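Welcome to a short set of exercises with worked solutions. Have your viewer ready and try each task before you read on.

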Amino acid sequence: MSITMTEFWLISAPGEKTCQQTWDKLVAATRNNSLSVNNKFNIPDLKVGTLDVLVGLSDELAKLDAFVESVVKKVAQYMADVLEDSRDKVQENLLANGVDLVTYITRFQWDMAKYPIKQSLKNISEIISKQVTQIDNDLKSRASAYNNLKGNLQNLERKNAGSLLTRSLADIVKKEDFVLDSEYLVTMLVVVPKTSYAEWQKTYETLAEMVVPRSTNLLFEDQESGLFSVTLFRKAVDDFKHKARENKFTVRDFQYNEEEMKADKEEMTRLSTDKKKQFGPLVRWLKVNFSEAFIAWIHIKALRVFVESVLRYGLPVNFQAMLLQPNKKNMKKLREVLNDLYKHLDSSAAAIIDATMDIPGLNLSQQEYYPYVYYKIDCNLLDFK
């Protein structure tokens, strides 16, 4: 499960004399005491457009980022629900473009076919928004159909399980256990606690008048009790039920009806077959659309870095995007190193950071504002129960 715990920091800093130099400085600064594993993050030459549009887009992309992340998580979580017993299988189905998520992110390549960079930034973000909204809607309808089926099947299965006092008896009894089509006689089914078998054998013939002697048979047992049949005259039924209850024997209301039992069995088979039929295509759909949504999400992160870098560092476009995989134990240290490396970019941010380091309890982390462009990518997509 290691991959689910992975967090990345996607940052950017302005190009020094060259962007390579910016990269080399970061690598040198984080090399000591293994602070992070670093990769260049390739963002193509996107169309900048006007400043007004960029400012508006910055807000829209923040909302879109949150929405797409929620869809990615929903699809992942539903995949885990559908693969009921095989949670490790979940991981191997949560891929992006056929590779695991860490590999996809660290080797990110912009998908020119899906998101043509000749289009404006706004158009690209609209393509993503439409695409993921469609996935979200499809997921809702597919999940609701499958959950319905699963629910109906579980209800039937529940009827056929549990205690003899409540469960369906249809799959336990046979036609030959009953006296059928008799004007006078009827076969009753009685649940008897295991501790009372001897008591039952001793008393059942005398619980009412007109019980057929030696007519009881043990048909089925579970942990606590046994199901006995007994045959008696119809007119003694009420009396028998009453006396049985006084003796802690429970008479089940059960009429042997072949048609009904057959219908129940067929319904169960039909639902079970339907569920099996839908399972394969559903998992395939989830796999494909998880990949689509995840890829869309990382493209949004790329868009956000691009927009934010232009807004902060100005034109012409000159920045290096870098992907850091922080070492869990050294996150605080890594922040300090990055702050030292980039605090010259924005003195007000540096002041905020210095202040928060000095004043305990002052928590500005909601804003997570740093002197460099920063977005977190959290691949921890599943809450395993």
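**Exercise 1.** What percentage of the 385 residues in the protein do buried residues make up?

*Solution.* Begin with the ground rules. This is a predicted model, where local features need pLDDT of at least 70 and side-chain atom pairs count only at pLDDT 80 or more, while totals for chains, interfaces and linings use all residues. Residues are numbered from 1 along each chain as its sequence is written, and side-chain values use heavy atoms, with hydrogens and water left out. Next, the cut-offs: a residue is buried under 20% relative accessible area, exposed over 50%, and partly exposed in between (1.4 Å probe, protein chains only). By that test, 44% of the 385 residues are buried.

**Exercise 2.** Describe the overall build of the protein, from its elements to its surface.

*Solution.* Step one is to list the elements: the protein has 10 helices and 8 strands, taken as DSSP runs (H or I, at least four residues, for helices; E, at least two, for strands) and numbered from the N terminus. Step two is the spread. The radius of gyration is 34 Å, well over the 21 Å that the globule rule gives for 385 residues, so the protein is more spread out than a compact globule. That radius is taken over C-alpha atoms, and the rule is 2.2 Å times the number of residues to the power 0.38. Along the principal axes, the C-alpha atoms fill a box of roughly 105 × 45 × 30 Å.

Step three is the contacts (heavy atoms within 4.5 Å). Of those with a separation of 6 or more, 79% are between residues 24 or more positions apart. Step four is the surface: the protein exposes about 20900 Å², and carbon and sulfur atoms supply 51% of it. These areas come from the Shrake-Rupley method with a 1.4 Å probe, and for residues only the protein chains shown count as cover.

**Exercise 3.** Which strands pair with E5, by E3 over 9 bridges and by E4 over 4?

*Solution.* Two strands count as paired if DSSP finds at least two bridges between them. Strand E3 (residues 185-193) runs antiparallel to E5 and is joined to it by 9 bridges. Strand E4 (residues 217-221) pairs with E5 in the antiparallel sense too, over 4 bridges. E4 and E5 form a hairpin, with 3 residues between them.

Now zoom in on leucine 227 of E5. Leucine 227 is the bridge partner of valine 191, and leucine 227 is also the bridge partner of phenylalanine 220. Finally, check the cover: 8 of the 9 residues of E5 (residues 225-233) are buried, so this strand is largely enclosed by the rest of the structure.

**Exercise 4.** Where is leucine 218 placed, and which residues is leucine 218 in contact with beyond its neighbours within four places in sequence?

*Solution.* Leucine 218 belongs to strand E4. Its relative accessible area is 41%, which makes leucine 218 partly exposed. Setting aside neighbours within four places in sequence, leucine 218 touches Tyr197, Gly226, Leu227 and Phe228. For a sense of distance, leucine 218 and threonine 273 are 55 residues apart in sequence and 33 Å apart in space, C-alpha to C-alpha.

**Exercise 5.** Work out the surroundings of strand E7.

*Solution.* First, E1 (residues 7-14) runs antiparallel to E7, with 6 bridges joining them; here isoleucine 11 stands opposite methionine 322. Second, E2 (residues 36-40) pairs with E7 in the antiparallel sense over 5 bridges, and asparagine 38 has leucine 324 as its bridge partner. Third, 7 of the 8 residues of E7 (residues 319-326) are buried, so E7 is largely enclosed by the rest of the structure.

**Exercise 6.** Inspect the backbone in three loops.

*Solution.*
- Proline 316 is in the loop between helix H8 (258-313) and E7. A cis peptide bond joins leucine 315 to proline 316, with omega about -5 degrees.
- Aspartate 181 sits in the loop between helix H5 (121-159) and E3. Its phi is positive, near 55 degrees, in a residue other than glycine, and aspartate 181 is exposed at 82% relative accessibility.
- Arginine 214 lies in the loop between helix H6 (197-203) and E4. Its phi is also positive, about 50 degrees, although arginine 214 is not a glycine; at 75% relative accessibility, arginine 214 is exposed.
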